[in-house]
Amino acid sequence: MNEIRKFIENITPMNDADWQFFASKLQQVKLKKNTPLLKIGAIENHLSFIVEGIVRLYIPKDEVDLTFGFVFKNEFVTAYDSLLTQRASAYQIETLTETILWQISNKDLQEVYEKTNSGNIIGRKMAENKFLTKSKRELSLLNKTAEERYLDLFSERPSLLQQIPLKYIASYIGVTPQALSRIRRRIS
């Protein structure tokens, strides 16, 4: 649980009473590789912090899934739009590796927001971070070539390329696996 406290303390200081209240609401979950966290059509009821592992957000399709996000160790993961609206998710979330999470239910999260001094600050800053990540991704898709998106991904998270199947990386940058192979040959 130290990882999540350290992460939160980097956002804003949290006094011991607030931390104890928040920590009392967390449950640890251990998942195997390729385990769904949320299926399409389900309503998101948890905010999860990844202690170990990699998670993928995607839209399942008949031929090729459309991967639009990866979430890593020491980051929060949720279907945030579904969590906020309590409506069915239009996408799925699954583990790509064995994963350990700390989860808080939406009900308990709302209680943390109401009863702690730092809960709302943390919630707001996490929402701002989600917005910036989404905005960066959209701008990248609109303004950069597939090769530039691949190079950005490689420079931001080089270990990603060793841990995530290339078909998911290809989908994430918006190309076929064959096109990704050509890009990789060209830049190597």
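**View 1. The buried residues of helix H6 and the helices around them.** The buried residues of H6 pack against four partners: helix H5 (119–143), helix H7 (160–163), H8 and helix H9 (177–187). Contact here means heavy atoms within 4.5 Å. Helices (H or I, at least four residues) and strands (E, at least two) are DSSP runs, numbered from the N terminus. This is a predicted model, in which local features need pLDDT of at least 70 and side-chain atom pairs count only at pLDDT 80 or more, while totals for chains, interfaces and linings use all residues. Residues are numbered from 1 along each chain as its sequence is written, and side-chain values use heavy atoms, with hydrogens and water left out. Within H6 (residues 146–156), look for Ala 146, Arg 149, Tyr 150 and Leu 153, which are buried; buried means under 20% relative accessible area, exposed over 50%, and partly exposed in between (1.4 Å probe, protein chains only). Seen down the axis of H6, these residues fall within an arc of 100°, so they line one face of the helix. The arc is taken from the directions from the helix axis to the C-beta atoms. An α-helix has 3.6 residues a turn, so residues three or four places apart point the same way.

**View 2. The open sheet E2-E7-E4-E5, with helix H8 packed on it.** This sheet has four strands with antiparallel pairing; two strands pair if DSSP finds at least two bridges between them. At the edges stand E2 (36–38) and E5 (66–71), each with a single partner strand, so one side of each lacks a neighbour in the sheet. From one strand to the next, the twist averages 30°. Strand E4 (residues 55–59) and strand E7 (residues 92–95) are joined by four bridges, and Leu 57 stands opposite Ile 93 in E7. Helix H8 (residues 166–173) packs on the sheet and touches E4, E5 and E7, its direction making about 105° with that of E5. Axes are lines fitted to C-alpha atoms, for helices over the stretch in contact, and angles run from 0 to 180 degrees between N-to-C directions.

**View 3. The open sheet E1-E8-E3-E6, with helix H1 packed on it.** Here, too, the pairing of the four strands is antiparallel. The edge strands are E1 and E6 (76–77), and each pairs on one side only. Six bridges join E3 to E8 (residues 99–105), and Ile 50 has Leu 101 in E8 as its bridge partner. Helix H1 (residues 2–11) packs on the sheet, touching E3, E6 and E8, and its direction makes about 110° with that of E3.

**View 4. Ser 48 in strand E3.** Ser 48 is found in E3 (residues 46–52) and is buried, with a relative accessible area of 3%. Its side chain makes a polar contact with the side chain of Gln 103 (3.0 Å). Such a contact is a pair of N or O atoms within 3.5 Å; within protein, one must be able to donate a hydrogen and the other to accept it, and residues adjacent in sequence count only if both atoms are side-chain atoms. Leaving aside neighbours within four places in sequence, the contacts of Ser 48 include Phe 76, Leu 101 and Trp 102.

**View 5. Asn 34 and Thr 35 in the loop between E1 and E2.** Asn 34 has a positive phi of about 65° although it is not a glycine, and is partly exposed at 43% relative accessible area. Thr 35 is also partly exposed, at 21%. Not counting residues up to four places away in sequence, Thr 35 touches Ile 93, Glu 94 and Thr 95.
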